[in-house]
Amino acid sequence: MPGTIELDSPARPAAPATGFTVVSSAAGGPKTAEERGTDRMDYADFVIVGGGLSGTAVAWQLTRRAAGRVILLEQELSLGTHATAQNAAMIRHLVEHPAMARLAREGATTLLDPPADLAGAFEAILGTRHSVRRCGSILAAASDAGCRSLRAMQADAREAGLPTEWLSPAAIARRVPGLEPQEIAGGVWCDRDGIADPDAMVQAFARLAGAAGAEIRRDTTALGAEINGGRITAVKTNRGDIACGVVIDAGGAWARRLSRDLGGSDLPLRPFRRHIAVTAPLPAASGWPIIWDLERGFYARPESGRLLISACDETRWTPCRPPSDPEFLFDLGRKSAILFPHVEFAIAQSWAGLRTFPADGRFVLGPDPAIAGLYWAAGLGGHGVTTCTATARLVADSILDGPSAELLPFLPARLLAVPTAADSAPTTPSPRHAAPSALPASTPRGAPGVTGE
Ligand SMILES: Cc1cc2nc3c(=O)[nH]c(=O)nc-3n(C[C@H](O)[C@H](O)[C@H](O)COP(=O)(O)OP(=O)(O)OC[C@H]3O[C@@H](n4cnc5c(N)ncnc54)[C@H](O)[C@@H]3O)c2cc1C
């Protein structure tokens, strides 16, 4: 495949974590304001760790409910520089797991028809209240089994009042120029799907939270915690301690490590590397919908007169800014040659990002099973752009109102009982990759729609 590959530059190394300290085994809780004043420089009711889509959306959700003082910590110099900056930005309503599909519909609706405060923030940042470009999507399948899975998602959507349309291979090929209809068995058209602006989303959430009194601290790394009577009472950072009532782990690929450092549970969330490429200009691309062959694992969507494409590769990795490996182009070329035998995708740019999720592919939201006051807003996998406003709403609900039936499929506690072979399997660094943290073990792809974009 012709074209050049641009590799991302490596990230600044984060400061090493120092872990947690149990300061008292006696029963206790957050200190009173008077007690805090004598021995603490800083206090927040809520310390959110992680300034990606998840953490900033939680900050927005907590401040719009006037829940208390919020401090958000981000280890990088800017917000939203990891998965939040590396994704395909697709808003997709149809997801296989019904509970995740509900959050996808809620999240997509919030972006398509934003509440007044969010619309106002988008207008200030983008000059328009609408941050999503609706281009529609076709989720396609190559086999009868794949079509049955798509029909089930379609039925779930219909029950929720979301109109979709079943398309024949010929109808799909009419909407996607160059697609070989014989390679597709059918697909679902969803006219409400589209392309979001994750950077504007993060800026909008941070702007709204900041205007409501939240403090955003960049270049600040959460290193550990103080635990008092089984409850987290302070977060240690490279810039001092913050006494707190609640800590929210929105650490993305670092969420598991962060929880351990904070004294919380060691839950099997795993980051997986995926590559994305952008083609050279293609005259017809601007009229394309999102097209995604769920079974082969290939998607394409319009991107400013080009196409953004991915072969949906999935390689287990460790938290870092992952290097791009030009070998992904072989898989991309093989799949695109099957689906688009007469179209040449010249690649102009590519990068890689980490999608982080547990083995069941579901989000990890709500209270940590080990430590009171620690909550998870992590494991958003390949769905965080679409769902972050909904997952953040659910996390805020669980902190302020207690657990609900809606939270059950996502509770962190479900992961305690399921150590997997993949977690205990030894991993060997690949000589091909310079990054010392790289884990090369390839894993099979999840079921369609579970692990996301
Ligand atoms: C290739 C790819 C394609 C994708 N495509 C789509 C798509 O089309 N549609 C969709 O809906 N979703 C998509 N996603 C998923 C989406 O990007 C993620 O779900 C979302 O960005 C996750 O956000 P996050 O805030 O959880 O993680 P991140 O954006 O990674 O943010 C976590 C933050 O926590 C910070 N942090 C970690 N530890 C600490 C610490 N100790 N102290 C301070 N800060 C810390 C990190 O620096 C980081 O900024 C895609 C993802 C990838 C990688």
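Me: How many residues does helix α6 have, and what span does it reach from its first C-alpha to its last?
Reply: Happy to start there, with a predicted model in which local features need pLDDT of at least 70, side-chain atom pairs count only at pLDDT 80 or more, and totals for chains, interfaces and linings use all residues. Residues are numbered from 1 along each chain as its sequence is written. Helices (H or I, at least four residues) and strands (E, at least two) are DSSP runs, numbered from the N terminus, and the expected span of a helix is 1.5 Å times one less than its number of residues. For α6 (residues 144–159) 22 Å is expected, and its 16 residues reach close to that, at 22 Å.

Me: Why do the buried residues of α6 lie on the same side?
Reply: Buried means 20 or more other C-beta atoms within 10 Å of the residue's own, exposed means 12 or fewer, and partly exposed is in between, with C-beta atoms placed from the backbone. In α6 the buried ones are Gly146, Cys147, Leu150, Met153, Gln154 and Ala157. They share a side because their arc, taken from the directions from the helix axis to the C-beta atoms, covers only 120 degrees.

Me: Which residues are exposed on the other side of α6?
Reply: Turning to the other side of α6, we find these exposed residues: Asp144, Ala145, Arg148, Ala155 and Glu159.
The glycine that follows α6 has a positive phi, near 85 degrees, and is glycine 161.

Me: What percentage of the chain's residues count as buried?
Reply: The chain holds 12 helices and 21 strands. Of its 453 residues, the buried share is 52%.
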